[in-house]
Amino acid sequence: MNNIKSTFIRKRGNNYNVIIEYYDSDGKAKQKSIAKYNTKKEADKHLIDLKSSINNNKFIISKDITVVDRCYKYIEDNKKDWSYNTLDTRMYTLKLNIEPFFKDTKLSELTIYKVQMFINNLYDNFKANTAKNKYSFLKIVLQECYRMKEINENICDFIKIPKKKTKSVAGVYTKEELIQIFSKLENEIFEIPILLTSLLGLRKSEAYGLTWDNIDFENNTIKIDKISIYVNKKIMFKDPKTENSKRVLAAPIELMNKLKKEKIKQNQLKLQNMLNNDLNLVCLNKRQEPYKKTDLNRYFSKFCKENNFKELRIHDLRHTAGTLLLQAGVDLKIISSRLGHSNINVTSDIYLHSTKEIDKTACDKMSELLFNSN
């Protein structure tokens, strides 16, 4: 542990620096600037607080650990409390965004300006929500460093979030558009997961995680009891998003017939030693392997471009299913149950625009019935 020798204020130009002098582990005397202020009054106040922290053994001089290494240490200390998805996302952000930007920057030398440039860079290159999520990991690491007295101020308190409008994605497909898509989708290798998301409103990870024991051909139902995630180049199963996401859904006979056809196809490939589906998955990609994160997105995007269809996200197919059910007069509670929402309020918030339109239609019909009938 470092021994503190003294603390003082040094004027440099127009600034007042709060300085700490200490002996390092080799016994060498070193000085470090803790903070910089425009007025001596502000510097004096910090100096008083600093001396108090030292006297109470609450101040620790951070070692020469880099920002990147501290992020890795934070992951190692906390990963047992995170889901596989959270761990995978934070490792991805650390390796692809944080590590290249901060490189060998020491935690003790990290400045507000450096962090501000980092978040500005994120907002320049990503959508607002994506940039916000990537920054949030660095933010919690730095907050932890401040809590542990490894840095002397919570840098993120001084960061300005760039203003950037979140681009809204076109909503849903109409009934006519979806029928056209289905007609072109016939016999495509990714037909089954698209039908599962657009007819049953399954989340992509739920469709990926379906196994053949979830399909009840006798009663025409499909059981959702797990999701599939791709972590460390391996497919893993975990519980769905919420407890209400575990559900059994009645499925259209048209979908069940497609599933029967797919089951026969997979069985034939197994007999020919051309398929090794150890996980018993319903949905397999173009290589007859389990779907990975963005496989379906790429397939569907290419499909839409080739057929001049409006290009939406895969998740918008789920929203399409909910919207079409609502427009067909299905009770909101039933829709909420089929989509696996945590409660009906979530469903109501998501489909607020549609419910307003339906409410207006109901009002017009009541008016016509009572006041405009002959």
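Helices, of at least four residues, and strands, of at least two, are DSSP runs numbered from the N terminus. With that naming in hand, here are four close-ups of a predicted model.

**View 1. The largest pocket and its lining residues.** Welcome to a space of about 1600 Å³, the volume of the largest pocket. Its lining is made up of 35 residues. If you want to find the centre, look for Asn85, Thr89, Asn133, Lys204 and Lys293, the lining residues that lie nearest to it. By class, the lining holds 14 polar residues, eleven charged ones and ten nonpolar ones.

Several elements share the work of building this lining. Helices H3 (84-102), H5 (128-147), H8 (204-208) and H11 (314-327), together with strand E6 (227-231), each contribute at least two residues. H3 gives the largest share, with seven residues.

**View 2. Helix H2 packed against pocket-lining helix H3.** Here H2 (residues 67-78) meets H3 at an angle of about 170°, and their axes are 10 Å apart. Angles over 145 degrees count as roughly antiparallel, so H2 and H3 are roughly antiparallel to each other. On the H2 side, the contact is formed by Val67, Val68, Cys71, Tyr72 and Ile75. H3 answers with Leu87, Arg90, Met91, Leu94, Lys95, Ile98, Glu99 and Phe102. Sorted by class, this contact has ten nonpolar and three charged residues, with no polar ones.

**View 3. Helix H4 alongside H5, another helix of the pocket lining.** H4 (residues 112-125) and H5 have axes 8 Å apart and pack at an angle of about 155°. That angle makes H4 roughly antiparallel to H5. The crossing of H4 past H5 is right-handed. Take a moment to trace the side of H4 in contact: Val115, Phe118, Ile119, Leu122 and Tyr123. Their partners on H5 are Ala128, Ala131, Lys132, Lys134, Tyr135, Leu138 and Leu142. The contact of H4 with H5 contains ten nonpolar residues, two charged residues and no polar residues.

**View 4. Helix H7 crossing H11, which also supplies the pocket lining.** The axes of H7 (residues 191-199) and H11 come within 6 Å of each other, and they cross at roughly 40°. This crossing angle makes H7 oblique to H11. From H7, the residues in contact are Ile194, Thr197 and Ser198. From H11, they are Ile314, Leu317, Arg318 and Ala321. Four nonpolar, two polar and one charged residue make up the contact of H7 with H11.

Note on methods: Residues numbered from 1 in each chain as written. Predicted model: local features only at pLDDT ≥ 70, side-chain atom pairs only at ≥ 80, totals over all residues. Heavy atoms only, no water. 1 Å grid on protein atoms, 1.4 Å probe; cavity = no way out; pocket = protein on both sides within 12 Å on 5 of 7 lines; lining within 4 Å. Points joined across faces, edges and corners; volume = space filled by probe spheres on them. Nonpolar A, V, L, I, M, F, W, Y, C, P; charged D, E, K, R; others polar. Axes fitted to C-alpha atoms, helices over the stretch in contact; angles between N-to-C directions. Parallel < 35°, antiparallel > 145°, perpendicular 65-115°, else oblique. Left-handed = near helix turned anticlockwise from the far one by under 90°. Contact = heavy atoms within 4.5 Å.
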